[in-house]
Amino acid sequence: MAEINRAVKGTNDILPGESSKWQLIERKMLETAELYGFEEIRVPVFEHTEVFLRSVGDTTDVVQKEMYTFDDKGGRSITLRPEFTAGVIRSAIEKGLINGPLPVKTCYVGGCYRYEKPQAGRLREFHQFGVECIGAAAPNADAEVIALAKQVLTTVGVEKISLRINSIGCPECRKDYVAALKAYFSSRRDDLCDTCKDRLERNPMRILDCKSPVCHEIAAHAPVVTDYLCRDCRDHFEAVQRHLRAAGIDFTVDPQIVRGLDYYTRTVFEFVSGDIGAQSTVCGGGRYDGLIGQMGGKPTPSLGFAMGIERLMLLLEAQKTELPLSAGCDLYLAPMGEQALTKASELCALLRAEGFRVQTDLCGRGLKAQMKFADKIAAKYTVVLGDNELLNGTVNLKNMKTGEESVCPIDELPQALLNALQTAALDALTDTVEQAGF
Ligand code: ATP
Ligand code: MG
């Protein structure tokens, strides 16, 4: 097929019929965030490349291999956002949000871009929902952000998912840890992959995140960071766990978790599912107390998480969670003839202004083909509008599920449709209640 008819590798179209699931999930995400006081922020899809270099870290996979970077026509180096945190923090510094009142609680949803090897749950354009809680140093902030992630997952219908948490300490206590890691990995240097040989020099903690099975196996026996935490970091981590328990959130401490981005300090966490294959991390996050200072803002302890929406969708599919298909059509108006078509335009305008989902013929079809179409779009009701109807001033409102018809004056169609939809909704509710055995 010619390229003109082919989507770029690693990108997906969210088609009509599917998009309603996305809308529902995104709405639930934003509504849940609202319960915790998080408000949406919208930042550009692209930033100066420097924004990501400074924040994500130049020894990470994201910066080393995955960024979509190009020069624009003005000669600026631009990068499509591989994640949101960097852009959100850039904005919070630039627009003065970090000057208070703190904490600033923001959330976002949108596309991210990474040049990766496409596979199930790994795309080149994918979507994240996430939050940033800027200016909160206390350990209950960590627990609250984790609780929010958990509630979002539960609210959209995730049934089984496990939370793993870890503390990777602060730059102070990490010095000894990194030295211990370096010593350990140096003793196994020959077995490490080439990338990790380089990581050994530049950032040995990154080796813990390597996806090559051999490095993974070597990393499994490496010194663990929790043995190296300073007093303050240890106290913080214990308090986070206390608050999680108080909120009724189950977790396991997994000292192997370091997360793929360089900016994390202290708490890091992941929500992992056993149901979606190799790309099992649905949500990852943590604290980044040093990031804002590193990006030129006044030091402001902060934290956040990001959730991959495609992976979440895979999980819901694996669980067979039923999500609504499209909102559908309340009424299909089937006009026959020029005069009826004009009347249909009038009625459609009237009904839509009242909030009904109404469709009519836009293809010049005959009645039979129109009814077939009404069936395909699962119209709840249909009305045929022909010469007779125009002459009598009445129409038949047909319930497509039961086949029942009721006569009503054309002028009273909005009220008749409203009554019919309400009755049908009530019947459906009664059925559900009866089926549930009440
Ligand atoms: P992984 O280890 O799977 O590469 P990551 O550590 O690079 O993930 P983050 O940068 O923490 O991921 O992004 C947060 C979440 O975004 C991930 O947990 C995942 O759900 C999702 N995500 C990341 N990269 C992709 C991708 N290429 N395609 C789809 N979802 C992704
Ligand atoms: Mg990755």
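Start by selecting residues 413–435: this is helix α15, and L429 sits in it. Keep in mind as you click around that you're looking at a predicted model.

**Stop 1: a greasy spot on the outside**

Show the side chain of L429. Is L429 buried or exposed? L429 counts as exposed because its relative accessible area is 53%, and the cut-off for that label is over 50%. Now add L426 and V433 to your selection. Together with L429, they make a nonpolar surface patch of about 280 Å². Switch on a surface view if you'd like to look at the patch that these three residues form.

**Stop 2: a strand on the inside**

Next, leave the helix and select residues 302–308, which make up strand β11. How many of the residues of β11 are buried? The count is 7 of the 7, so the strand is largely enclosed by the rest of the structure.

Turn on the side chains and look along β11. S302, G304, A306 and G308 point one way, while L303, F305 and M307 point the other way. Whichever way they point, all of these residues are buried.

**Stop 3: the neighbours of β11**

Which strands pair with β11? Select residues 125–134 to bring up β6, which runs antiparallel to β11 and is joined to it by 7 bridges. For a landmark on this pairing, find F305 in β11: V131 stands opposite it.

Then select residues 281–287, strand β10. This strand also runs antiparallel to β11, with 5 bridges joining the two. Here the landmark is L303 in β11, with R287 standing opposite.

**Stop 4: the ligand**

Keep β6, β10 and β11 on screen and add ligand 1. Each of these strands supplies at least two residues of the shell around the ligand. Which strand gives the most to that shell? It's β10, with 3 residues.

Now display the whole shell. There are 15 residues around ligand 1, and the ones that come nearest are R114, E116, R122, L123 and R259.

Zoom in on a few polar contacts:

- E116: an N or O atom in its side chain is 2.6 Å from a nitrogen atom of ligand 1.
- T281: one of its backbone N or O atoms lies 3.0 Å from an oxygen atom of the ligand.
- Q128: here a side-chain N or O atom is 3.1 Å from an oxygen atom of ligand 1.

Before you zoom out, show the protein surface around the ligand. On its own, ligand 1 has 590 Å² of accessible area, and the protein covers 93% of that.

Definitions and conventions: Residues are numbered from 1 along each chain as its sequence is written. Chains are lettered from A and ligands numbered from 1 in the order in which they are written. This is a predicted model: local features need pLDDT of at least 70, side-chain atom pairs count only at pLDDT 80 or more; totals for chains, interfaces and linings use all residues. Side-chain values use heavy atoms; hydrogens and water are left out. Patches are made of residues with over 30% relative accessible area and no salt bridge: like charges are joined within 9 Å, nonpolar side chains (Val, Leu, Ile, Met, Phe, Trp, Tyr) within 5 Å. Accessible areas come from the Shrake-Rupley method with a 1.4 Å probe; for residues, only the protein chains shown count as cover. A salt bridge is a side-chain nitrogen of Lys or Arg within 4 Å of a carboxyl oxygen of Asp or Glu. Helices (H or I, at least four residues) and strands (E, at least two) are DSSP runs, numbered from the N terminus. Buried means under 20% relative accessible area, exposed over 50%, partly exposed in between (1.4 Å probe, protein chains only). Two strands pair if DSSP finds at least two bridges between them. A residue is near a molecule or strand if one of its heavy atoms lies within 4 Å of it. A polar contact is a pair of N or O atoms within 3.5 Å; within protein, one must be able to donate a hydrogen and the other to accept it, and residues adjacent in sequence count only if both atoms are side-chain atoms.
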